[in-house]
Amino acid sequence: YEEAEARDLTKHEQQFVEADGFGDAFDVVLGNCSMCHSREPAWDGIRWPPKGVVLETESDVARHARDIFLQAGASQAMPPPNAIATMTEENRATLVAWFRQAQAN
């Protein structure tokens with residue numbers, strides 16, 4: 001975890017971290033995704049992050065921005081149905097707006 005936090009962001013990652021709405025999007029991801037998509041998942045029955053996707057740090061979230069947009073923003077594939085009640089339409093809209101803002105820059 002410390003290594004992931006300590007490494008410099010790539011130019012691609014910076015684009016997403018510097019986009020308007022990143023802080024809110026990061027909070028949505030931490031609150032709705034990171035219990036499974038962490039280096040040590042906290043969800044019962046999950047021993048490693050699904051598909052190897054880790055979403056704990058700013059660089060993790062920025063690196064997986066497109067996947068987050070597609071899986072949790074543009075669709076309702078993630079989190080899995082009935083897994084977590086806090087992934088609201090407002091939260092999904094936050095992810096979409098952040099991704100589109102980063103793409104516009």
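Sorted by class, the residues lining the largest pocket come out as 15 nonpolar, four polar and two charged. Keep in mind as you look around that this is a predicted model. The pocket holds about 420 Å³ of space, and 21 residues make up its lining. If you want to find its middle, look for His 37, Pro 50, Leu 55, Gln 71 and Met 78, which lie nearest the centre. Which helix gives the most to this lining? That would be helix 5, residues 65-74, with four residues. As for how such spaces are found, rolling a probe the size of a water molecule over the atoms shows where empty space is left.

Met 78 is worth a second look, and not just for its place near the centre of the pocket. The peptide bond running from Met 78 to Pro 79 is cis, and its omega is near -10°. Pro 79 itself sits in the loop between helix 5 and helix 6, the latter covering residues 89-104. Another backbone oddity turns up at Lys 51, which isn't a glycine yet has a positive phi of about 55°. Why do these two spots deserve a mention? Most residues other than glycine have a negative phi, and most peptide bonds are trans.

Lys 51 is also in a loop, this one between helix 3 (22-32) and helix 4 (58-63). Is Lys 51 buried or exposed? Its relative accessibility is 85%, so it counts as exposed, the cut-off for that being over 50%.

Now step over to helix 3, where you'll find Val 28. Here the picture flips: Val 28 has a relative accessibility of 7%, so it counts as buried, since buried means under 20%. What does Val 28 touch, once its neighbours within four places in sequence are set aside? Its contacts are Cys 33, Met 87, Asn 91, Thr 94 and Leu 95. Val 28 and Glu 89 make a nice pair to pick out as well: 61 residues separate them in sequence, while their C-alpha atoms are 11 Å apart in space.

Last stop is Glu 13, in helix 2, which spans residues 11-17. With a relative accessibility of 3%, Glu 13 counts as buried too, because that value is under 20%. Skip its neighbours within four places in sequence, and Glu 13 is in contact with Arg 7, Asp 8, Ser 59, Ala 62 and Arg 63.

Conventions
Residues numbered from 1 in each chain as written. Predicted model: local features only at pLDDT ≥ 70, side-chain atom pairs only at ≥ 80, totals over all residues. Heavy atoms only, no water. Helix = DSSP H or I, 4+ residues; strand = E, 2+ residues; numbered from the N terminus. Buried < 20%, exposed > 50% of the residue type's maximum accessible area, 1.4 Å probe, protein only. Contact = heavy atoms within 4.5 Å. 1 Å grid on protein atoms, 1.4 Å probe; cavity = no way out; pocket = protein on both sides within 12 Å on 5 of 7 lines; lining within 4 Å. Points joined across faces, edges and corners; volume = space filled by probe spheres on them. Nonpolar A, V, L, I, M, F, W, Y, C, P; charged D, E, K, R; others polar.
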